[in-house]
Amino acid sequence: MRRDAQGRLRFKIVLWGPSLSGKTTCLRWIYDEVTGLNKGGFTSVEDPTGRTLYFDYTPISATGKVIFDVFTTAGQRRHKHQRKIVLQGADGIMFVADSSRSQLQSNIESLEELKGLLGNQLGKEIPMLVLLNKRDLPDAMPRQELVSALKVEGFPIYESIAVKGLGVKRAFQAIAREVLLKRMYNV
Amino acid sequence: MTVDVKAFERILADVIKAESGIKKVILVDRTGLTIAYTTRFSYFKVDVEGIGAIASAVYCASEEQGKSLELGELQIVTSEFEQGKIFASSCGKGILCIITDESVNIGMVRLLMKKASEQLKAILDEFLAEKPAVQLAGGEEEEELKAAFGELDKV
């Protein structure tokens, strides 16, 4: 948590996950469709094909005094240096997993990279929520099987179909609450 | 809060006033947060926080590149465009970003950045250190957080 020069509390939430798991789609949906929250501009650093090259970013305000700076990361393997930079100062993580069975290994590798960068902070000082995205895919793994394979039983688990906006708002509210609770009560 | 945050604005204002080619001055931290900024009047609406997030990311990426290549400490990042330039340099825990027109006196900008960076460094170190890792919210801050909690529930 940081304060800016205007005294506003700023919390950084990072959407992390493997390539094409739906991180940008989630943030874009929150930006375009969720009413009742004030949002700043939507900044994207993407390649000519529209894939995230560095990050997407938008500030989302719950009140005038509390702002969530929400970032996505570039999921492709070669962008690991960019991901490390975006992760700096994160107050909360939303791990966006691709439910497709064919993407299981990519999910595991992405999570391992995150654990490697945050170490013991993950889930303790820095809350994490796991969003199982693309639940409508024909080869989507059953929830419990995917959770077990990722070894994320101790984290809050949410399901979504980001292209339809299903489950995205609820997951964002949940990680935002986790971040606030961590600051208020260190729980 | 013990840090005089108005000092940020004063230092940034001094920079923008010192050279007519300077259009915007933005102070960001290394997590992408825009701490303070000042800008000349413009008809074009600019998303300063987005620009600040990119400035921070670009500077940190250049630092990482230099580290991998063992090039030593990064001094300044310069991006030259047809109609303007962007400069970024470190000021302790923060990054000072200056956006100018194309004909700006580069030597002057460098000098201004050096001076401002030294001034900002000391205040920034104190400002950004005001977040002890495990200090819990209390008083006014707790009220702000509770209000945010309530707003999230209404969405």
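A salt bridge here is a side-chain nitrogen of Lys or Arg within 4 Å of a carboxyl oxygen of Asp or Glu. In this predicted model, local features need pLDDT of at least 70 and side-chain atom pairs count only at pLDDT 80 or more, while totals for chains, interfaces and linings use all residues; side-chain values use heavy atoms, with hydrogens and water left out. Residues are numbered from 1 along each chain as its sequence is written, and chains are lettered from A and ligands numbered from 1 in the order in which they are written.

By that rule, 8 salt bridges span the interface of chain A and chain B. One pair is B:Glu141 with A:Arg183, whose side chains meet at 2.5 Å, N to O. As for area, the two chains bury about 3,700 Å² between them (accessible area, 1.4 Å probe, lost on being put together and summed over both), with 63% of it on carbon and sulfur atoms. On the chain A side, A:Ala5, A:Arg183 and A:Met184 lose the most area to chain B, together 18% of what that side buries. Contact, meaning heavy atoms within 4.5 Å, takes in 46 residues from chain A and 39 residues from chain B.

Now for a helix pair. Helix α2 of chain A (residues 80–87) and helix α2 of chain B (residues 48–68) have axes that come within 10 Å and cross at roughly 125°. Helices are DSSP runs (H or I, at least four residues), numbered from the N terminus. A:His81, A:Lys84 and A:Ile85 of α2(A) make the contact with B:Ala57, B:Cys60, B:Ala61 and B:Glu64 of α2(B).

Note on methods
Axes are lines fitted to C-alpha atoms, for helices over the stretch in contact, and angles run from 0 to 180 degrees between N-to-C directions. Helices (H or I, at least four residues) and strands (E, at least two) are DSSP runs, numbered from the N terminus.
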